[in-house]
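Biologist: Could you take a close look at the cysteines in this model and set out what their placement says about disulfides? Please add what you can about the charged residues afterwards.

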Amino acid sequence: MLKDITLGQFYPAESKIHALDPRVKLVGTLLYVVSLFLFHNLAGFLLATAFLFFLIHMSKVPVSYILRGLKAIFILMVITAIFNVLFTPGTTIVHVWKIRITWEGVRAAVFMFIRLTYLVMGTSLMTLTTTPTRLTDGMESLMAPLEKIHAPVHEVAMMMSIALRFIPLLVDETDKIMKAQMARGADFESGNFWRRAKSMVPILVPLFVSAFRRAGDLALAMEARCYQGGEGRTKMKPLVYGRNDGKAYAVLWIYFAAMILVRIFLNLPHVPLLGH
Amino acid sequence: MGIIKTNHVSYDYVRVNDEGVEEEKERALEDVSIDVYPGSFVAILGANGSGKSTLARHLNALLAPSEGTVWVDGMDTSKEENVFPVRREAGMVFQNPDNQIIAGIVEEDVAFGPENIGVPTKDIWKRVEEALEKTGMAAYRMHSPNRLSGGQKQRVAIAGTLAMHPKCIILDEPTAMLDPGGRREVIETVAELNEKEGVTVVLITHYMEEVVYADHVFVMQDGKLAMEGPPREIFSKVEELQKYKLGVPQITLLAHELRKSGLDIPEGILSEEELAEAICRLR
């Protein structure tokens with residue numbers, strides 16, 4: 001059951017999106033998320049939609065995979081929508097007892113719903129098309145300027161990649177410990193929430209002990225292999241921008257500029273969204 | 001002088017309390033002097049708690065001796081500036097295969113050492129390829145270490161040290177957590193490296209069977225050097241070895257028992273073939 005946990009849900013495929021430099025994808029995701037909060041009208045919405053589906057099509061990742069990420073935040077989205085509908089002042093459409101639904105509220109709810117959906121889809125597209133190693137490499141490289149203010153960028157990236165390597169091991173170990181405790185009569189499934197939480201203690205204690213032991217061993221092994229931090233380190237797979245990366249940046253900025261232009265020039269605040 | 005030399009080395013594990021005052025002292029090594037010649041295959045044998053792992057950690061500057069000196073390729077390991085050069089010369093493979101693999105892909109793990117010592121990217125690729133080739137793991141270069149067997153993981157770890165182009169490799173009980181198949185796989189890889197590539201090997205183990213490949217054996221007991229000599233000589237002293245809680249290989253034991261019961265069989269038999277030959281010669 002613990003095996004179901006997936007982290008860094010990479011979807012292997014050969015596409016132009018997969019082959020892009022991770023930095024392009026990180027910057028692109030950031031720009032896309034910002035652009036989602038720029039549009040206030042149908043034109044912007046259409047542009048953002050077209051761009052997203054164009055990328056999904058290019059990436060060869062099935063849409064169902066990308067939609068999977070939505071499950072986790074569905075409740076959050078519904079609550080956000082309800083709040084928007086109920087608490088936005090404006091032209092009233094329905095007024096029952098103390099509940100007042102306004103036209104502006106519905107509009108804001110629909111936009112917020114779309115924004116959150118696209119936000120999750122956009123970020124999922126990035127994690128689905130980039131291996132965790134490349135992702136941490138990309139972050140390390142993008143954050144490199146922060147080293148000037150003594151932010152431990154290399155160390156954080158190293159920690160992330162080690163964590164990614166050890167998660168499956170620790171998951172396996174948890175499974176083993178649980179089975180060992182179950183074999184001796186431990187019960188993890190019955191009782192109320194508190195009882196169940198309490199029964200996790202005999203799993204967590206040995207798990208922590210073993211994690212610390214592993215960490216000690218690993219530190220020793222890294223030292224034995226001359227690890228001395230990021231300084232003077234070379235890379236087997238350094239990040240190098242290719243031709244497609246330049247093109248991708250161009251496409252990204254054109255899209256972003258278009259979104260800004262749409263916001264400035266096509267800003268017709270009273271155009272109803274779904275026809276009237 | 002050999003590539004690794006220890007001169008009257010002693011080491012104390014010191015327990016310090018919160019105020020930094022010494023509370024307890026435990027002597028783990030006592031007056032150990034060994035000499036390892038370039039290109040040789042040396043085994044260090046000992047039961048649990050005999051100090052063999054502590055000795056191993058001295059050989060690539062993970063520990064510095066409390067008394068005495070350790071030289072690796074002429075460098076004194078207790079000098080701060082020698083620490084990294086020493087680790088480059090003397091690669092180390094540890095016991096637990098899972099806790100020494102750092103990256104999520106085999107080839108990236110092998111590259112970890114060369115990356116740390118600043119080898120240019122192009123050379124890293126060459127070294128990784130070579131190291132994987134030599135350990136027979138080339139077919140697995142894109143695999144995740146989590147899916148490999150214990151023996152394969154240890155071979156990746158060996159490749160990881162090889163890629164740093166060390167003069168010698170120290171293996172600290174590399175087979176203790178493996179099944180018999182994995183153990184053979186690892187030891188054969190190591191023996192081949194020693195033979196074909198001339199890499200000096202220091203193998204620390206408590207399995208007597210693995211010692212047959214060695215040119216020279218040190219036996220440790222309670223932090224001290226108890227016996228020393230070529231494997232055949234060591235194995236001929238069955239009773240003494242048993243005193244050090246070391247079991248001799250079954251075939252050696254059988255030969256020893258036969259000899260004790262009056263048959264004219266030489267001491268220090270190491271393989272089935274040898275014993276068969278000795279028995280045939282009896283008639």
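Modeller: The sulfur of Cys168(B) has its closest cysteine sulfur in Cys226(A), at 13 Å, which is too far for a bond. This is a predicted model, and the separation is a value computed from its atoms. Seen from the other side, the closest cysteine sulfur to that of Cys226(A) is the one in Cys168(B), again at 13 Å and too far for a bond. Because a disulfide requires a pair of cysteine sulfur atoms within 2.5 Å, this pair does not qualify, and the count over all chains comes to 0 disulfides. As for their surroundings, Cys168(B) counts as buried, with a relative accessibility of 0%, and Cys226(A) is likewise buried, its relative accessible area being 0%.

Turning to the charged residues, Arg184(B) lies in helix H6 of chain B, which covers residues 180-197, and at 51% relative accessibility Arg184(B) counts as exposed, since the term applies to values over 50%. Between Arg184(B) and Glu210(B) there are 8.3 Å in space, C-alpha to C-alpha, while in sequence the two are 26 residues apart.

In chain A, Arg243(A) is found in helix H11, which comprises residues 243-265, and Arg243(A) counts as exposed at 74% relative accessibility. On the surface, Arg243(A) gathers with Lys16(A), Lys60(A) and Lys247(A) in a patch of positive charge.

Note on methods. Residues numbered from 1 in each chain as written. Chains lettered and ligands numbered in written order. Predicted model: local features only at pLDDT ≥ 70, side-chain atom pairs only at ≥ 80, totals over all residues. Heavy atoms only, no water. Patch = residues over 30% accessible without salt bridge, like charges linked within 9 Å, V, L, I, M, F, W, Y side chains within 5 Å. Areas by Shrake-Rupley, 256 points an atom, 1.4 Å probe, with all protein chains shown as cover. Salt bridge = Lys/Arg side-chain N within 4 Å of Asp/Glu carboxyl O. Lys, Arg positive; Asp, Glu negative; His and termini not counted. Charge placed at Lys NZ, Arg CZ, Asp CG, Glu CD. Helix = DSSP H or I, 4+ residues; strand = E, 2+ residues; numbered from the N terminus. Buried < 20%, exposed > 50% of the residue type's maximum accessible area, 1.4 Å probe, protein only.
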